[in-house]
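Reader: I'm new to this one, and I'd like to know what stands behind the labels people put on it. Could you show it to me first?

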Amino acid sequence: MNINFTNSAIEYLQNILKDKNLKNYRFILDYTDGLSPYNNDMIGCHCQDYTKYRLLIVLKNDKNIDEEKYDKTFETKLGEIRYPSFYEMMLDKDNLIDYSPNSYGLYLKSEAGIITPQVKLVEIEY
């Protein structure tokens, strides 16, 4: 399995984060399931996954990063992206985070099609 960013998603993220040194941050592909240390909503239903994906931008030294939950890592064009291996069952072989200015912004797709039409972008800074 692979996760990466399209060029349009990279441009979008670089524009949003232009005042930050991305070397100090890491990306986490999170799924709002009630187990995320970055989510206060305890609802964990998996039946409507199209509203559950989030791309978290966190400081590399963030103490809330749960290495056991986010146990898988890929190196991307923008740096490291972590995700929970438990949710590999919901992803395909080659996954891309893409950007569409005419839609909800970031979305997740694969060779099989769109996995979710919206990936919420959340900056975490403590």
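Author: Below we go through burial, strand pairing, salt bridges and a sheet, one label at a time.
This is a predicted model, where local features need pLDDT of at least 70 and side-chain atom pairs count only at pLDDT 80 or more, while totals for chains, interfaces and linings use all residues. Residues are numbered from 1 along each chain as its sequence is written, and side-chain values use heavy atoms, with hydrogens and water left out.

Reader: What makes strand 3 largely enclosed?
Author: Buried means under 20% relative accessible area, exposed means over 50%, and partly exposed is in between (1.4 Å probe, protein chains only). Strand 3 covers residues 53-59, and six of its seven residues are buried, so the rest of the structure largely encloses it. As for the word "strand", that is a DSSP run of E with at least two residues, while a helix is a run of H or I with at least four, and both are numbered from the N terminus.

Reader: How do you know that strand 2 and strand 3 pair?
Author: Two strands pair if DSSP finds at least two bridges between them. Strand 2 (residues 25-31) is joined to strand 3 by seven bridges, and the two run antiparallel. Y25, for instance, stands opposite L59 in strand 3.

Reader: And what joins strand 3 to strand 9?
Author: Five bridges do, with strand 9 (residues 120-124) running parallel to strand 3. Here L55 has L121 of strand 9 opposite.

Reader: Why is the contact of E123 with K20 called a salt bridge?
Author: The label asks for a side-chain nitrogen of Lys or Arg within 4 Å of a carboxyl oxygen of Asp or Glu. In E123 and K20 the closest N and O atoms are 3.5 Å apart, so the pair fits. The partners are distant in the chain: E123 is in strand 9 and K20 in the loop between helix 1 (7-16) and strand 2, 103 residues apart. A search of the whole structure finds five salt bridges.

Reader: Are E123 and K20 buried, exposed or in between?
Author: Partly exposed: E123 has a relative accessible area of 41%, and K20 has 27%.

Reader: What makes R26 count as buried, and what is its charged partner?
Author: R26 has 12% relative accessibility, so it counts as buried. Its side chain meets that of E80 in a salt bridge (3.4 Å, N to O). E80 lies in strand 5 (residues 79-83) and R26 in strand 2, so the pair ties together parts 54 residues apart in sequence. E80, with a relative accessible area of 23%, is partly exposed.

Reader: Which residue does K72 form a salt bridge with?
Author: With E88, the closest N and O atoms being 3.5 Å apart. K72 is in strand 4 (residues 72-76), and E88 is in the loop between strand 5 and strand 6 (94-100), 16 residues away. K72 counts as partly exposed at 33% relative accessibility, and E88 does too at 26%.

Reader: What makes strand 1 and strand 8 edge strands?
Author: They belong to an open sheet of four strands in the order 1-6-7-8, with mixed pairing. Strand 1 (2-5) and strand 8 (113-116) each pair on one side only. Strand 1 pairs with strand 6 in the parallel sense over four bridges, and N2 has D94 in strand 6 as its bridge partner.
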